[in-house]
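Got the viewer open? Let's walk through the model stop by stop, picking a selection each time and saying what sits there.

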Amino acid sequence: MAKVKARPGLDNLPFRTSHFVGRATELDRLDAAMNATGGVWLQAVHGLGGVGKSTLAAHWAATRAARHGLAPVRWISADSAASVEQGLAALATALQPATSKVLTAEALAENALQWLASHRGWLIILDNVNHVADIAPLLARLPDGRFLITSRLATVWHDATAVIRLDVLQPAESLALLTHIARAGGGGRDMNGAAALCEDLGHLPLAVEQAAAFLAQNPLLTPRAYLELLRQEPAPLYEQGGEGFTVAERTIARIWRVTLDRIREHQPLASDIMRTLAWYAPDGIPADLLEGEYRPIAVASAIGSLNAYSMITMDPAARALSVHRLVQSVARTPDGADPHRTPGLVTAARIRATAALEAAVRPVDWNDTGTWPTGRTLLPHMDAIAAHTPSSEDTDATARLLHHAGVFLLGQGFSARATAHLRRVFVHHERELGPDDVHTLACRHNLAHALEASGHVQQAAALYERALVDAHRVLGPAHPLTLAGRNNLADAHRATGDPEEALALLGPDNAPVPVVDGATDDEDLSTLSARNTRGHARLVTGDHAEATRLFTENLVACRRVLGEDHHLTLVTRSNLTAVRMAREDPARAVHLFEDIVRDMKRVMGEEHPDTLLVRGNLAGAYREAGEPDRAVALLDEVLPAVERVHGEQHGTTRALRVAFALALRAAGDPERAARLGTPRQGSTAPQDGSRPDTRAVDIGYGFLTVHDPHQALPLLARADLEHRDRLGADDPASLTVRHNLAVAHLMAGSPAQAVPLFQEILRARESSLGEDHPDTLTTRRHLADAHREAGDAGLAIPLYEQTYLARTLALGPRHTDTLSALGMLAHSHRLAGSPDLAAPLFERALDGLEQVHGPVHPDTLAARNGLAGAYQEAGEPDRAVLLYENNLMVCTMSLGESHAHTLITRHNLAVALATAGDLGRALPLLKDTYVQQRRLLGAKHPDTRATWLSLAGVYRTAKHVRRQARRRPWRRRPSSSG
């Protein structure tokens, strides 16, 4: 055979693909290995069935083998020893056709081996090797040969020059492959959904080719329609491709069935494990989930076989497995004709997978941050069980598993996903366990929590209320679920703007909370949570001092009972710091928030919702401390992360977007701040004409909070037009936007433009909500403000009187809104030149505010100032001075000497002293106040200018007094006679 020459045309590549895509790296690796010198050239390409191993080998041989001088190139199917012998015999026959008529197949194979041993430059492609033993004799006889091997076996190629693990195509490559084949018939066709189809097929080449061939045969079918068919009835599509393109034996279902047949011959358990793995997420499947039902040695052997045949991949360091998503999809799709996928086997695998995962999460307490890494590992698999199991087939184990998933997601801040799981579990529990079962009660409570975290506070409050009533009735007042329900319902009331209802539900600040037997107040988590909620409610009512006290006490208790790293301890630290920032030095708050952020990152992770929220608070502290550039830099990082976690329309996202705009404004970039009020390209905001985007409304309102109506006006005007167009002029949301627009006009000094807007809103709200609705009363009060600012106190006073009377009837005489309306009525009488009517109204308002808020609340201080002013204007300067002195003492002690309220009170006291004729005290007090205001607020600030004008007036008065004193005639004292 040494003298037999290879004639041209002996290559026998089985196919030449005209639609080969990608694989540049793998082709280059084959080239590089071919260029290596010395010894056998044995290149092994392994991977999952259908990943394109044979296609890669054929394409390289057809396009690149000649560059390396390789000829002939012979393709041998190597799935068995007999196939290898048959391939060698075919080579011998091609070399010497006449011998095929006189020699046996064995003799022909020997001739081929002799020829290969005595010649150089050939390439043998051994395709689809199932057992190394089938090709071992060939490799041993030809130690200097050139071999390219394809195989599903992954772990046996120890002697290969190089080993390539072939993975799926890149998304762009699989899309190109699908498009090329689907459009093979020519002409234009709709490829809508092509990328999504490739993604669903996992970019597996054979699956993409099979789908593309089906599309080519059905030109009216779009890729998206095929995808819908695949999701509804996957079994038929896994078995067929296109006529004239897909060979029946080369469909994905058939290829993997053959592989499992081979594995089952020596590892029967492997098929069971493959079906179990099909119900989990494709990647990062903990190997421990497979333990328990089978002997460890049997599991290890089965996993080893699946890995060897590339049906799975293993990560030994993480003790985790991965399975291609399409392999999973096929494995969990029942098919009575496939012995590996009968309906009974598939259902049993789902039950087995659910039970194993539920057993893994059953003992876990997600409140312990140490369990969070476990939760993050198992969550994708809990989500997968939920996605692949019809809710109609949920078992108790499924419900328990998804409840775990919902609670963990809620703790991580993924409230929308948590809501979906918990709603499904709640339906199951009510149906199977009944409404009064403790699991149903707990699920209803957690579902309410998820709704609240998602921004659906009204729905949450209604669900909390029912949960609390049922828990109190079924479990009693001291059960942890009852206590948690009361606290969360109170917090929902606080979030909806009703802090008084929240405080009423929780009871007095020093009221004992029922606790579980054997626990003290401070040891009970419900007590600690309730104190935090009380602090928030006090903060909303403006009682900063009481909020500070509650948060301070709670922090001490949380540190003692829960430890420094407990979630509630960290949140309480943040709450306390936020209160202090409003009352103390913002620079100190910056350092405190920086410490909290560092601890939250360490304990909960950088993108946990609470970590992101505190980072937002840190940015706010930077702005308050006069470092807006640092605030902008931080919010540039935080806002995109919050949008990823919560979505673009969540309340937290919206609040941080406003904080970002205010930071940009403070940093001198109002244009960029205003641009945040416009949806960016690719935004997930509603664009379907249903609900208007909230950005312009939010940013405009944010500008109003920092007294910048001129920046707010264009945003709110645009939002008003959009809301009118999409929702109608009288929609509640439209009226709210228009109300803020009117407020902006009022703040900008244009009450004439505000009045008609408020009148329009008032008519609409009286018609739709009634005259005594809180929103109607708010609008009536602001209309009165607009009339008052326009100098028409006569129109303002009856509106204030109506508002006060309505709030007294609806809310009671001691409600803060009632007292606020009473104070404005008094102020209007004062402006109308009737201090005698204003004074008794101020006295009633002050008495109520002192009882409700205490003596240091801002509203109390304002009422005391108003009453002093009324006394002063009514000709009772001595009573005015006493009140101002009292107010100044309270402001200095509670707010500090440099606080704006303190400085205003000093100004008012000085003017009252001057009015009372005490210029000696008035002048130095005014001079010192002016110096401090100029230093803190700037010379152009309205408060500074007001003090300057008062100072100038008092100077003029003092000068006049001195001049009059000099003009007074001097009288000689009469001398005594004598």
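Start with valine 73, whose bridge partner in β3 is leucine 123. Widen the selection to both strands: β2 (residues 73-77) and β3 (residues 123-129) run parallel and are joined by 5 bridges. Strands pair here if DSSP finds at least two bridges between them. Strands (E, at least two residues) and helices (H or I, at least four) are DSSP runs, numbered from the N terminus. Of the 5 residues in β2, 4 are buried, so the strand is largely enclosed by the rest of the structure. Buried means under 20% relative accessible area, exposed over 50%, and partly exposed in between, with a 1.4 Å probe and protein chains only.

A word on what you're looking at: this is a predicted model, where local features need pLDDT of at least 70 and side-chain atom pairs count only at pLDDT 80 or more, while totals for chains, interfaces and linings use all residues. Residues are numbered from 1 along each chain as its sequence is written, and side-chain values use heavy atoms, with hydrogens and water left out.

**Next: a small sheet**

Select β6 (285-286), β7 (313-315) and β8 (residues 320-322). They form an open sheet of 3 strands in the order β6-β8-β7, with antiparallel pairing. Which strands are at the edges? They are β6 and β7, each pairing on one side only. Between β7 and β8 there are 3 bridges; for one residue to click on, take methionine 314, whose bridge partner in β8 is leucine 321.

**A buried arginine**

Move along to arginine 341, in the loop between α14 (325-331) and α15. Is this arginine buried or exposed? Arginine 341 is buried, with a relative accessible area of 3%. Follow its side chain and you arrive at the backbone oxygen of threonine 333, 2.8 Å away. For reference, a polar contact is a pair of N or O atoms within 3.5 Å; within protein, one must be able to donate a hydrogen and the other to accept it, and residues adjacent in sequence count only if both atoms are side-chain atoms.

**Aromatic stops**

The structure holds 3 aromatic pairs. Rings of Phe, Tyr and Trp (its six-membered ring) pair if their centres lie within 6.5 Å; planes under 30 degrees apart count as stacked, over 60 as edge-to-face and the rest as tilted. Show tryptophan 366 and phenylalanine 408 as sticks: their ring centres are 4.8 Å apart and their planes are at 55°, so this pair is tilted. It links distant parts of the chain, 42 residues apart, with tryptophan 366 in the loop between α15 (343-361) and α16 (372-388) and phenylalanine 408 in helix α17 (residues 396-412). Both tryptophan 366 and phenylalanine 408 are buried.

Now jump to tyrosine 930 and tryptophan 948, with ring centres 5.4 Å apart and planes at 40°, so this pair is tilted. Tyrosine 930 sits in helix α42 (residues 919-937) and tryptophan 948 in helix α43 (residues 942-967), 18 residues apart. Tyrosine 930 is buried, at 14% relative accessible area, while tryptophan 948 is partly exposed, at 46%.

Two arginines are worth a click as well. Arginine 417 lies over the face of phenylalanine 414, at 5.4 Å from the ring centre, and arginine 879 lies over the face of tyrosine 871, at 4.0 Å. To count, NZ of Lys or CZ of Arg has to be within 6 Å of the ring centre and within 35 degrees of the ring normal.

**Three helices**

Select α8 (residues 205-217): its 13 residues should span 18 Å, and its end C-alpha atoms are 18 Å apart, which agrees. The expected span is 1.5 Å times one less than the number of residues. α8 is mostly covered, with 11 of its 13 residues buried, among them Pro205, Glu209 and Phe214.

Then try α33 (residues 732-747), which has 16 residues and reaches 23 Å, close to the 22 Å expected. In α33, 12 of the 16 residues are buried, including Arg738, His739 and His745.

α41 (residues 900-915) also reaches 23 Å with 16 residues, close to the expected 22 Å. Its buried residues include Arg906, His907 and Asn908. Just after α41, glycine 917 takes a positive phi of about 90°.

**Last stop: cysteines**

How many disulfides does the structure hold? It holds 0, where a disulfide is a pair of cysteine sulfur atoms within 2.5 Å. Select cysteine 198, which is buried at 1% relative accessible area, then cysteine 443, buried at 0%.
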